[in-house]
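Open the model in the viewer and keep the sequence panel visible. The tour goes from the whole chain to a single loop residue.

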Amino acid sequence: MTASFTTLNPDTLWQVPEAFTPVYAHATEVTDGQKMLFVSGQFGVRPDGSLPEDFTSQAAQAMANVEALLAASRMSFANVAKLTFFLTRSGDAPDLVKLRTEKWGKGRAPAVTVLTVSALARSDYLIEIEAVAVN
């Protein structure tokens, strides 16, 4: 069986500029017996394109963006196998743990990596979240 790849850029997230659609998708769904979803790094950008200024609001929105992509693939957080978090300030890690516990702290815990990086794609982005889900 040959794997099938589907690009997901749902209307429930900020829209990818047309110039970037050849090189970026919010997520790619792979079906080959089982369905896998690879979620591109999600920032705290709201569906209207705006960005909250504070870390907790950006993190909550980035998590909501991941959840919207899971829903677009008919999955939920229960399907997440791996999360990677990129922070620009290590001091925000305790706030991330608190938010993760509140929003995603029930049920089976996925594998998690948290990295502090010097910068993300834009200087006002404070967090980026990648996810891999399996159904």
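A contact here means heavy atoms within 4.5 Å. Select the whole protein: of its contacts between residues at least 6 apart in sequence, 71% join residues at least 24 apart. This is a predicted model, in which local features need pLDDT of at least 70, side-chain atom pairs count only at pLDDT 80 or more, and totals for chains, interfaces and linings use all residues. Residues are numbered from 1 along each chain as its sequence is written, and side-chain values use heavy atoms, with hydrogens and water left out.

Next, colour by secondary structure. Two helices and six strands appear, in the order β-β-β-α-β-α-β-β along the sequence. The protein is as compact as a globular protein of 135 residues, because its radius of gyration is 15 Å, close to the 14 Å of the globule rule. That radius is taken over C-alpha atoms, and the rule is 2.2 Å times the number of residues to the power 0.38. Helices (H or I, at least four residues) and strands (E, at least two) are DSSP runs, numbered from the N terminus.

Now colour by accessibility. Buried residues make up 41% of the 135 residues; buried means under 20% relative accessible area, exposed over 50%, and partly exposed in between (1.4 Å probe, protein chains only).

Finally, select R74, in the loop between α1 (55–72) and β4 (80–87). What is unusual about the phi of R74? R74 is not a glycine, yet its phi is positive, about 60°. The residue is exposed, with a relative accessible area of 60%.
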